[in-house]
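Please look through the sequence and the model below, and then follow the text from the charged pairs to the interior.

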Amino acid sequence: MWYKLWMSIKKELLLLKRDFGGLIILFIMPLILVVTVTLIQNSSYQAISDRKLPIVLVDNDRGSIADTIKKQINASGTFEYVDQIDGVSVTEALAKKEVNKGNYQMALVLPKNLSRDLNLKIDQNVEKILAEFSIEQESSVLDKTVEDKEIRLYFDPATQSSFKEGIKNAIDKMIAQTENQLIYSAFQANLASSSAPLSLDVNNFIQFKEMSPKAEQQSSKPNSVQHNVPAWTLFAIFFIMVPLSINIVKEKTLGTQVRLRSNPTPTYILLAGKTVTYLMICLLQFYSIVLVGLYLFPQIGLPKFEVHGYFMLLTIMTLFSGLAAIGLGIILGTLAKTQEQSSPFGATFVVILAAVGGVWIPVFAMPLMMQYVSKLSPMNWALSGYYDIVLRNGTLLDIVPEISLLFLFFVIMVSISILYDKKKRSV
């Protein structure tokens with residue numbers, strides 16, 4: 001039996017050797033893909049976190065509030081204001097034109113008399129509160145009318161809605177902080193005596209700090225490398241269903257399968273030979289991508305892909321992911337009648353599995369119906385297992401559900417292939 005298995009593996013290796021160019025593509029293209037995508041995403045993250053976003057600022061106020069807003073914008077670490085373009089002071093019309101062209105992501109227009117009217121409005125509110133406590137004031141501003149002010153925001157039409165909401169929330173927070181500081185100052189001016197000035201702490205009492213869900217595990221903050229290496233490794237692994245299905249179709253069309261059937265070799269030995277051969281390719285793909293993450297990524301300015309402590313778990317996850325991909329390749333090769341059927345269908349199906357499985361778009365960002373559909377994708381099970389290991393510091397017990405599903409999927413696909421092939425030969 002072992003000799004027959006070895007001969008079956010040798011036959012598969014010879015078939016792959018004849019298409020050496022295709023074999024190289026199986027290794028080179030995933031490496032190019034994972035490097036390119038990770039570079040693009042990492043650059044995007046750095047652009048958001050490290051580089052300040054320029055905001056076109058139209059200052060029609062020319063007062064203290066406008067000065068405070070400008071200081072907060074520059075001190076935010078996220079934005080910087082631009083009030084001149086090519087040496088010309090920005091007007092609202094020019095700001096609209098520049099944003100509409102896409103030269104700037106957004107423009108902020110401060111209305112006239114914003115400082116004067118906001119201070120007046122705050123004084124009125126303070127006096128109302130003090131009057132309720134029967135604290136007399138020498139002068140009153142309650143009889144003055146203050147018009148509501150409108151700060152206009154212009155966004156590039158190509159800007160995504162989620163980005164708009166994030167920017168609006170950030171700007172709204174800045175304005176609210178400015179108003180709060182003015183309110184504190186107004187109370188200080190009305191209540192504090194000259195001999196004992198009122199000291200008010202205007203710093204944020206409640207602050208946010210990102211923490212790791214697993215406090216006992218000092219896990220590093222997730223980055224683009226930790227997300228992309230598992231995701232695009234899976235894409236490469238599942239792509240082997242294309243050459244596998246093509247080789248099965250070739251065996252049928254060239255008569256090789258008939259000659260194999262005439263020998264006293266069980267079907268499971270032939271399938272085991274294909275499984276072992278392509279599992280080796282899956283592992284080589286995974287190890288080559290890991291080596292790129294370990295040694296090439298730091299040389300081109302990307303974070304290093306850390307595998308210490310869970311290298312064996314990643315290998316186990318890769319083996320079962322490869323089994324699921326091989327199962328798909330076997331059933332596709334069994335059902336397809338020509339290479340023209342298996343090749344484009346296989347390539348398209350892998351792309352669909354990647355899209356549905358969360359490789360391109362996170363599952364939580366999908367519509368509710370698609371979130372349920374994604375649970376049927378073997379690529380989603382495998383990706384979840386990789387994330388359990390790399391991002392959640394999971395153990396072998398944590399990935400048992402995923403590897404069980406992947407193995408069951410492989411068994412079902414191979415069983416259907418065997419039953420279909422038997423029925424087809426018995427007719």
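Arg-152 and Glu-92 are joined by a salt bridge in which the closest N and O atoms lie 3.3 Å apart, where a salt bridge is a side-chain nitrogen of Lys or Arg within 4 Å of a carboxyl oxygen of Asp or Glu. The pair links distant parts of the chain, with Arg-152 in strand β6 (residues 152–155) and Glu-92 in helix α4 (residues 92–101), 60 residues apart; helices (H or I, at least four residues) and strands (E, at least two) are DSSP runs, numbered from the N terminus. This is a predicted model, in which local features need pLDDT of at least 70 and side-chain atom pairs count only at pLDDT 80 or more, while totals for chains, interfaces and linings use all residues. Residues are numbered from 1 along each chain as its sequence is written, and side-chain values use heavy atoms, with hydrogens and water left out.

Arg-152 also meets the side chain of Glu-150 in a salt bridge (3.5 Å, N to O). Glu-150, at 51% relative accessibility, counts as exposed, a word that stands for over 50% relative accessible area, whereas buried means under 20% and partly exposed in between (1.4 Å probe, protein chains only). Salt bridges with shared partners join Glu-92, Glu-150 and Arg-152 into one network.

The structure holds three salt bridges, and one of them pairs Lys-70 with Asp-59, the closest N and O atoms being 3.1 Å apart. Lys-70 belongs to helix α3 (residues 64–75) and Asp-59 to strand β1 (residues 53–59), and both Lys-70 and Asp-59 are buried.

We turn now to the interior. The largest nonpolar core has 65 residues, and among those with the most contacts inside it are Phe-238, Phe-305 and Leu-314; such a core is a set of buried Ala, Val, Leu, Ile, Met, Phe, Trp, Tyr and Cys residues joined through side-chain atoms within 4.5 Å. Several helices each supply at least two residues of this core, including α2 (20–49), α10 (267–299) and α12 (339–357). Apart from this core lies another, of 20 residues, among them Ile-69 and Met-106.

Helix α12 has 19 residues and reaches 26 Å from its first C-alpha to its last, close to the 27 Å expected at 1.5 Å a residue, a span reckoned as 1.5 Å times one less than its number of residues. The buried residues of α12 include Ser-342, Gly-346, Val-350 and Leu-353. Seen down the axis of α12, its buried residues fall within an arc of 165°, so they line one face of the helix; the arc is that of the directions from the helix axis to the C-beta atoms.
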